[in-house]
Amino acid sequence: MHGHPGLVAVLQLDGGIADGGDLIGGQKSHSIDKYKIRHGSIVALKPGLCGERAGLNLQEAVYNQTLAMSDHTTRDTVILGSGCSGLTAAIYTARANLKPLVLEGHEPGGQLSITTLVENFPGWPEGIQGPELIENMKQQATRFGAELTMAHLVSVDLSKRPFELNLGKETIHTRTLIIASGASARWLGIPSEQALIGHGVSSCATCDGFFFSGKEIAVIGGGDSAMEEALFLTRFATKVTLINRSENFRASKIMLERAMAHPNIVFRTSTVVDEVLGVEEKDVKGLKLRNIKTNVVENLPLSGLFLGIGHEPNAKAFRHQIDLDDDGYIKTVNNVFCTLNGQIVPGVFASGDVQDRRYRQAITAAGTGCMAALEVEKFLEEHGR
Ligand code: NDP
């Protein structure tokens, strides 16, 4: 999706979220069917509203009672993350006059902001530079009243109503929260790799494979991601060298066998990358490889390097406060509703890569960002602002 044989992945936002937070104490839910307590009284729920769709419970009733206690400094909504998903949520909630506060973390703009040409975002027939796309989204959001601020979430307390976000220097309160903090691709972390991100080093085969037609490239990793990337990249590259630091693979048998059977994929095991060559030329020229068993070092000439060593969802701050899966991704129901022990946590929504390990595209992140924003709107309509 990006221009020139260089380029980087797409989407995913910020991290910088520290571990934190209390458990939501004793929130075992009980259904109260089609009624809810609103500011102390029981009222009928309008049919078709999101709360009903998602299932009402006692947490929601408690929410309504405590919401009444919140003061005027409480935000209607705070969006965590300023990548494609967070900014889409910001555009929608801003247009709904909710004056969203967007917290940008240590990767403002998410992964699009470190991308070059984005060719698969609808509406840009010639493609658009990732940072420009993000800047456009920011302008679109602020035009309607969104506020963006650089801040790192130190801890969060979702057991309180309104929710309490500790940003270190200040604490803010909000009635609703959209977690769009993304998932960061794992990198090797060596300086030459970092220097060539966007110039032949990529973490997204779907995005950047196209630019390596007729070239030789390498994929790092031994899991399903690496196998999938290697197989996908054979559509473009003439040769794919798959480099795994271990002798054994984490990939499923079927994926591994498929990759091994491919005539254009060559395997190197027990091998690590000491250096990516081409920093001076600003273009990947090869890899300096080392066999960790024999310590033999050699240079492998090639044009591109793809990382397939997994992603880290930026959701650690929410551990024990909402349900995460085994790899730390936020579990959602009905697309964007967060849960705790399987029960909806009222007012908390997640969108984008932090809850999507499957698609991880800019457009899908934008899509769930929109859904989260619409649910916030409906939630505040139901519960009062
Ligand atoms: P995994 O954790 O399964 O594999 C990561 C791989 O990267 C391992 O081989 C690991 O090596 C290697 N690695 C990690 N860090 C480094 C490093 N710093 N340097 C070199 N190598 C490193 O992650 P995946 O993203 O592959 O898969 C995650 C989950 O998603 C899995 O459950 C997988 O099945 C699933 N998935 C499924 C797909 C499908 O079904 N089509 C496609 C993609 C993922 P080591 O083993 O030595 O630690």
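## Asking why: strands, helices and a ligand shell

Mentor: Let's start with isoleucine 179, which stands opposite alanine 350 in strand 23. Keep in mind that this is a predicted model, where local features need pLDDT of at least 70, side-chain atom pairs count only at pLDDT 80 or more, and totals for chains, interfaces and linings use all residues. Residue numbers run from 1 along each chain as its sequence is written.

Trainee: What makes strand 10 and strand 23 a pair?

Mentor: Two strands pair if DSSP finds at least two bridges between them. Strand 10 (residues 171-179) and strand 23 (residues 343-350) are joined by three bridges and run parallel, so they make the cut. The strands themselves are DSSP runs (E, at least two residues), as are the helices (H or I, at least four), numbered from the N terminus.

Trainee: How many bridges join strand 9 to strand 10, and do they run parallel or antiparallel?

Mentor: Four bridges, running antiparallel. Phenylalanine 163, for one, sits opposite threonine 174 in strand 10. Strand 9 and strand 10 form a hairpin with four residues between them, and glycine 168 in the turn has a positive phi of about 90 degrees. Strand 3 (residues 75-80) also pairs with strand 10, in the parallel sense over five bridges, and there isoleucine 79 faces isoleucine 178.

Trainee: Which residues does the cis peptide bond join?

Mentor: Arginine 161 and proline 162, with omega at about -5 degrees. Proline 162 is in the loop between strand 8 (155-157) and strand 9 (163-166).

Trainee: Why are strand 12 and strand 15 said to stand at the edges?

Mentor: They belong to an open sheet of five strands, order 12-19-13-14-15, with parallel pairing. Strand 12 (201-202) and strand 15 (265-268) each have a single partner strand, so one side of each is left without a neighbour in the sheet. Inside that order, strand 13 (residues 216-220) and strand 14 (residues 239-243) pair over five bridges, with alanine 218 opposite threonine 241. Helix 7 packs on this sheet, touching strand 13, strand 14, strand 15 and strand 19 (304-307), and its direction makes about 165 degrees with that of strand 13.

Trainee: What about the sheet with the order 16-17-18: is its pairing parallel or antiparallel?

Mentor: Antiparallel, in an open sheet of three strands. Its edge strands are strand 16 (271-277) and strand 18 (297-301), each pairing on one side only. Six bridges join strand 16 to strand 17 (residues 286-291), and valine 276 has leucine 287 as its bridge partner. The loop between strand 16 and strand 17 holds lysine 282, whose phi is positive, about 60 degrees, although it is not a glycine.

Trainee: What makes helix 9 close to the expected span?

Mentor: The expected span is 1.5 Å times one less than the number of residues. Helix 9 (residues 362-383) has 22 residues, which gives 32 Å, and its first and last C-alpha are 31 Å apart, so the two values agree closely. Glycine 384, with a positive phi near 80 degrees, follows helix 9.

Trainee: Is the crossing of helix 3 and helix 9 left-handed or right-handed, and how do you know?

Mentor: Right-handed, which means the near helix is turned clockwise from the far one by less than a right angle; anticlockwise would be left-handed. The axes of helix 3 (residues 84-95) and helix 9 come within 7 Å and cross at roughly 35 degrees. By class, their contact has eleven nonpolar, six polar and one charged residues.

Trainee: How do helix 7 and helix 8 pack?

Mentor: At an angle of about 35 degrees, with axes 9 Å apart, in a left-handed crossing. Helix 7 contributes Asp224, Met227, Glu228, Ala230 and Leu231, and helix 8 contributes Met255, Leu256, Arg258 and Ala259. Contact here means C-beta atoms, placed from the backbone, within 7 Å.

Trainee: Which residues come nearest to the ligand?

Mentor: Gly222, Gly223, Ser225, Ile309 and Gly310, out of 17 residues around it. A residue counts as near if its C-beta atom, placed from the backbone, lies within 6 Å. Helix 7 (residues 224-233) gives the largest share of the shell, four residues.

Conventions. Axes fitted to C-alpha atoms, helices over the stretch in contact; angles between N-to-C directions. Contact = placed C-beta atoms within 7 Å. Nonpolar A, V, L, I, M, F, W, Y, C, P; charged D, E, K, R; others polar.
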